[in-house]
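Colleague: Before we discuss the assignments, please show me the sequence and the structure. I should then like to ask how each term was justified.

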Amino acid sequence: MTDDPAVPDDGRSAPRQLGPIDSATSARANRAWWDAETTDYHAEHGDFLGAGAPGGDFVWCPENLRESDAHLLGDVRGKTVLEIGCGSAPCSRWLAVQGADVVATDLSRRMLGYGLAAMALFDETPVPLVQATAEALPFADATFDIAFSSFGAVPFVADSGRVMAEAARVLVPGGRWVFSINHPMRWMFPDDPGPDGLTVAIPYFNRTPYSEVDADGTVTYVEHHRTIGDRVREIRSAGLILDDIVEPEWPDDLERVWGQWSPLRGQYFPGTAIFCCRKPDS
């Protein structure tokens with residue numbers, strides 16, 4: 001039982017009411033979680049993402065918005081591109097086929113290993129994959145024309161403002177930074193694709209991280225919530241210009257359920273926000 005009105009008392013998923021979870025704890029927990037979940041994750045979602053397909057694929061979100069249709073990164077041919085939080089790197093593999101010079105990073109060694117195996121299986125020119133935290137990218141200033149993250153690192157780090165600053169740092173003047181995340185308003189609803197997931201249960205302004213723990217109380221998974229305003233301020237504080245926020249609508253012909261994303265919920269409110277930013281020319 002709980003006396004906290006922000007926590008549903010009916011077993012539905014909601015943030016555990018803890019104090020702030022720091023970067024080291026978040027990184028340790030999420031690295032181990034994604035390492036452990038790599039096989040099951042790809043068994044469930046790999047086909048949709050193109051992770052096991054020749055040349056990969058670039059899907060921005062569960063609403064099935066693809067870069068081949070959206071062109072949010074612009075013309076990538078001949079451009080230097082960095083993917084932050086790449087998972088098994090199907091997006092970067094797809095960009096390489098389009099003629100981009102791509103490097104991809106992720107926290108999870110096993111996710112990167114899956115990507116390497118896929119490239120070897122299809123005899124693809126390898127995309128360099130680097131194990132690194134998004135809060136401290138191991139690249140020189142002004143290295144990339146484009147940086148992006150498709151449901152990658154941004155929600156999984158304690159200091160997402162630092163991710164914005166790092167993206168800005170490694171971009172050349174005029175470079176583009178685009179990232180997709182859970183739409184911030186989803187925080188208010190239980191993590192349920194069915195009717196129970198249509199009922200507001202958590203205050204939008206509650207920024208307590210969602211976390212899971214093992215039997216010993218060790219944090220094993222973390223997601224950090226920020227509001228739309230928080231995201232805009234992070235972007236502006238990094239010296240970036242916000243050009244657009246894309247909120248993909250649920251397609252009429254998409255019946256797939258992915259975790260909390262479903263046709264039912266997609267009828268009523270957005271599940272994804274894609275922030276399109278750029279670094280000033282000077």
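Modeller: This is a predicted model. Let us start with T272, which is in contact with C61, P62, E63, F151, S180, I181, N182, H183, V246, E247, P248 and W261, leaving aside its neighbours within four places in sequence. T272 is found in strand 9, residues 272–278.

Colleague: Why is T272 called buried?

Modeller: The relative accessible area of T272 is 0%. Buried means under 20%, so T272 is classed as buried.

Colleague: What makes the pairing of the side chains of T272 and E63 a polar contact?

Modeller: The distance is 2.7 Å between the side chains of T272 and E63. The cut-off for a pair of N or O atoms is 3.5 Å, and one must be able to donate a hydrogen and the other to accept it. The value of 2.7 Å lies within 3.5 Å, so the distance criterion is met.

Colleague: Turning to the rings, how many aromatic pairs does the structure hold?

Modeller: The structure holds 18 aromatic pairs. One of them joins F58 and W60, with ring centres 4.8 Å apart and planes at 45°.

Colleague: Why is the pair of F58 and W60 called tilted?

Modeller: Planes under 30 degrees apart count as stacked and over 60 as edge-to-face, with the rest tilted. The angle of 45° falls in neither of those two ranges, so the pair of F58 and W60 is tilted. F58 is buried, with a relative accessible area of 0%, and W60 is likewise buried at 0%.

Colleague: What makes the pair of F139 and F144 edge-to-face?

Modeller: The planes of F139 and F144 stand at 90°, with 5.3 Å centre to centre. An angle over 60 degrees counts as edge-to-face, and centres must lie within 6.5 Å, so both conditions are satisfied. Both F139 and F144 are buried.

Colleague: Which residues form one aromatic cluster?

Modeller: That cluster is formed by W33, W34, Y41, F48, F156, Y210, Y221 and W258.

Colleague: What makes helix 3 mostly covered?

Modeller: Six of the eight residues of helix 3 (residues 90–97) are buried, namely P90, C91, S92, R93, W94 and L95. The elements against which these buried residues pack include helix 1 (23–49), helix 4 (109–121) and strand 4 (144–150). Just after helix 3, G99 takes a positive phi of about 100°.

Technical notes. Residues numbered from 1 in each chain as written. Predicted model: local features only at pLDDT ≥ 70, side-chain atom pairs only at ≥ 80, totals over all residues. Heavy atoms only, no water. Helix = DSSP H or I, 4+ residues; strand = E, 2+ residues; numbered from the N terminus. Buried < 20%, exposed > 50% of the residue type's maximum accessible area, 1.4 Å probe, protein only. Contact = heavy atoms within 4.5 Å. Phe/Tyr/Trp six-rings, centres within 6.5 Å; stacked < 30°, edge-to-face > 60°.
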